[in-house]
Amino acid sequence: MSDFMKVGLVLSGGGAKGAYQVGVLKALRELGTRIDAVSGASIGALNGAILASSPSFETGIQRLEELWGTLAKRSPLDMNIPGYLSLLISAGMKMYGAGTVDIVARLANRAAQRFGYALPKGFDFLSAGVLCDKPLQALMDEYLVTDDLANGLPLYISVYRSLGGMYDLLAAFQAEFGFADTPDSEFLHLQTLPQEMQKEILLASAAIPLLFAPRQTNGTLYSDGGQGGWQSMQGNTPITPLLEAGCNLVIVTHLSDGSPWSRQDFPDATILEIRPQQSLARACGPLGGSRDLLGFDSDKIPSWIEQGYRDTLHCVGRVMSAGKSRHELRQSEARLTLSEKGNASADQALADVMAQLK
Amino acid sequence: MSEQQPITQQSEICQILTCLPEKFVVDFANGIDVARERQAYLKGRSGFAARLFDGFTGQGARHQAEINASLTDGVEGALNWLKDLSESLASSTLAIAQVNDRVNSLKLDVAKIATYSIDTRRQLEHMAERLSERCEHLDKQVARIDFVQRVQLHLDSVFNKWSAGRFNSFSLSGRCYAALEELRWGAFGDYCRQTSGDDRQRLLENLSNRVITHLTSDSKITRRERIATRERWLERPVGRDVLPEAGESLAYLGDDHEPHQSPFVFAASQVPEELPLHLPRLNSPERVSEAMIGELFLEVAYV
């Protein structure tokens, strides 16, 4: 085993299932793992940014717990508003056509007040202002400070060069059906970007096509980094920048069942995958995946955190157990070698004494 | 580890991921979870539509290929580990064989040391025996020297008394008898009874010489000059300093001597009216000395 160890952590994208990564981080802290660099896509990028802008690993985990805990405590009455969207908007994301929707919502409200009837409850959904959760926004404002990123862990963000929301969606469908893969995502080292671009890039990485507008940075439109290299999840599982940064052990977290990302694409890297040992799906039905992704059921968040914690202990624990056996073997061999070094002198001493007996 | 401590299950190194694990170990151990997760996912895709979709998009085959790759990696990892273990085991077995050789060698050395120890003990016992004998001999020598010393002191004491005039109350032959009788009942007499041969002969010669010396001195004649037995040798001294009971004392001391066996001693102690037939009527100091020594000490040897 080498003494030099640089550990990278890949936080994949997966919408509201990003809560799983809080459990992963808690378990890694408990196992005493040091993290030297982080990369993330989509929700993984936001989680990674909060972790990287924290003064310590411990504080970062506390902040993430607090953030996801706040999201989990949302009232059941708000369940028609996806929690994940609320989280993104609180982080500063603007919904597609938010201005138009806002005007329609304001006009509808004014007409309702004028004619004296109440709007249906779901109508509030049209208002971007309603989607913005005040406590969440306060936490995001407090924790997602780009000034603090400069002193934090190196953070790499996956972004997808967007050609327009509808085009991106079609490209993803094509890739899903195996006709043609989407172009690869780009990986940007957040701390080396100009400070005014950092939050833009961060939000761009989580900009779900059609729901959120791509972010324009230096004339380039960037959206959800999870879309790139769709068939191999190249963009959603951004390991490449960590390997290029010299990480010799990379811990990869997945936020989907049966993630098609393959460690075989990186034959020289030491990769420790944390895959869900039970299904991450919580919602049932034809749109269950979307409901989990957008987080309609925020009460599932604690279960994802718990699952992330257990899966990490299981997957990392298995590797540690094997490593421990190897380590003990090497230690015992070294001990044997050390012990054998004294044989010659002991034998000679005895031989000398025995020679005097004759 | 300085003065290396053994690693236990509780050691910190085993509790936290602080050392870079080997790649094949990670692939081997983690590959199990990866393959199992993909397998569980595939198992859940058994519905018609899912199978159709996976078959159409090729995702099912990709998953299977990944599972196969993980399993292959696992087998390769197992092979690597087995190879490593085999090498380690071979090394350990070799070490055990070497330890066994060294233990055997050590046993042989111990056997040699035990043999040496037994020989040493025997030699020590033999030496102790010899030493004991030597000590016993030395004790005897010391005792003999002590005895000889006491004999010499006794001899000196008696003749010093004679020289000092303590025997002046006796006749010339009475002085000789008194001195020899005192020597016979002390250390000198004991020594003469115990010793024999040349040693005894030398002792008696020495005694004889000292008696002759005193007799010649007292009688003022030479050692071979003969004078009358009755008139000179048995003549009792007279004068103020003469003890009146001196004659009776000598008679008491010599009352067990017979005139025909010890004529000189009988005559000196009893001073009879009629001298024994075998007693010469003229005697020299040498003759008196030798005859009386012969009667008192040579007789003693046969007691």
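This is a dialogue about reading a predicted model of two chains, A and B.

Colleague: What should I look at before the details, and what are the ipTM and pTM of the model?

Modeller: Start with the scores. This is a predicted model. Its ipTM is 0.80 and its pTM is 0.67. Chain B has a mean pLDDT of 88, and 92% of its residues reach 70 or more.

Colleague: How many helices and strands are there in chain A, and how many in chain B?

Modeller: Chain A has 14 helices and eight strands. Chain B has 11 helices and two strands. From the N terminus, chain B runs α-α-α-α-α-α-α-β-α-α-α-β-α.

Colleague: What percentage of chain A counts as buried, and what percentage of chain B?

Modeller: In chain A, 45% of the 358 residues count as buried. In chain B, buried residues make up 25% of 303.

Colleague: Now contacts along the sequence. In chain A, what share of the contacts with a separation of 6 or more comes from residues 24 or more positions apart?

Modeller: For chain A the share is 76%. For chain B, take the contacts between residues at least 6 apart in sequence; 71% of them join residues at least 24 apart. Here is one pair to find on screen. A:G246 and A:V7 are 239 residues apart along the chain, and their C-alpha atoms are separated by 9.0 Å.

Colleague: Where does A:G246 lie, and is A:G246 buried or exposed?

Modeller: Look in the loop between helix 11 (240-244) and strand 7 (249-253) of chain A. A:G246 counts as exposed because it has 11 C-beta neighbours inside 10 Å. The cut-off for exposed is 12 or fewer.

Colleague: Next, backbone angles. Which residue other than glycine in the loop after strand 2 of chain A has a positive phi?

Modeller: Pick A:S42. Its phi is near 60 degrees, a positive value in a residue other than glycine. A:S42 sits in the loop between strand 2 (37-41) and helix 2 (43-52) of chain A. A:S42 has 32 C-beta neighbours inside 10 Å, so it counts as buried.

Colleague: And what about B:K220: where is it found, and is it buried or exposed?

Modeller: B:K220 also has a positive phi, near 60 degrees. Its loop runs between helix 7 (197-219) and strand 1 (227-228) of chain B. With 8 C-beta neighbours inside 10 Å, B:K220 counts as exposed.

Colleague: How far apart are the end C-alpha atoms of helix 7 of chain B?

Modeller: Do the check yourself. Helix 7 of chain B has 23 residues, and at 1.5 Å a residue it should span 33 Å. Its end C-alpha atoms are 32 Å apart, which agrees.

Colleague: Which residues of helix 7 of chain B are buried?

Modeller: First the general idea. An α-helix has 3.6 residues a turn, so residues three or four places apart point the same way. Now the case. The buried residues of helix 7 of chain B are B:L207, B:V211, B:I212, B:H214 and B:L215. Then comes B:K220, which follows the helix with its positive phi.

Colleague: How do I describe two helices that pack together?

Modeller: Packed helices are described by the angle between their axes and the distance between the axes. Try helix 5 (residues 172-184) and helix 10 (residues 263-270) of chain B. Their angle is about 110 degrees, and their axes are 8 Å apart. That makes helix 5 of chain B roughly perpendicular to helix 10 of chain B. The residues of this contact are six nonpolar, three polar and no charged.

Colleague: Which residues of helix 5 of chain B meet helix 10 of chain B?

Modeller: B:S173, B:G174, B:C176 and B:Y177 do. On the helix 10 side they meet B:F264, B:V265, B:A267, B:A268 and B:S269.

Colleague: How many of the eight residues of helix 10 of chain B are buried?

Modeller: Seven are, so helix 10 of chain B is largely enclosed by the rest of the structure. They are B:P263, B:F264, B:V265, B:F266, B:A267, B:A268 and B:S269. B:V271 follows this helix, with a positive phi near 45 degrees.

Colleague: Last, the two chains together. How many residues does the contact take from each chain?

Modeller: It takes 42 residues from chain A and 38 from chain B. On the side of chain A that touches chain B, strand 8 (271-274), helix 13 (301-341) and helix 14 (343-357) each supply at least two residues. Helix 13 of chain A gives the most, with 17 residues. By class, this side of chain A has 18 nonpolar, 13 polar and 11 charged residues.

Conventions. Residues numbered from 1 in each chain as written. Chains lettered and ligands numbered in written order. Predicted model: local features only at pLDDT ≥ 70, side-chain atom pairs only at ≥ 80, totals over all residues. Helix = DSSP H or I, 4+ residues; strand = E, 2+ residues; numbered from the N terminus. Buried ≥ 20, exposed ≤ 12 C-beta atoms within 10 Å, placed from the backbone. Expected span 1.5 Å × (residues − 1). Axes fitted to C-alpha atoms, helices over the stretch in contact; angles between N-to-C directions. Parallel < 35°, antiparallel > 145°, perpendicular 65-115°, else oblique. Contact = placed C-beta atoms within 7 Å. Nonpolar A, V, L, I, M, F, W, Y, C, P; charged D, E, K, R; others polar. pLDDT = per-residue confidence, 0-100.
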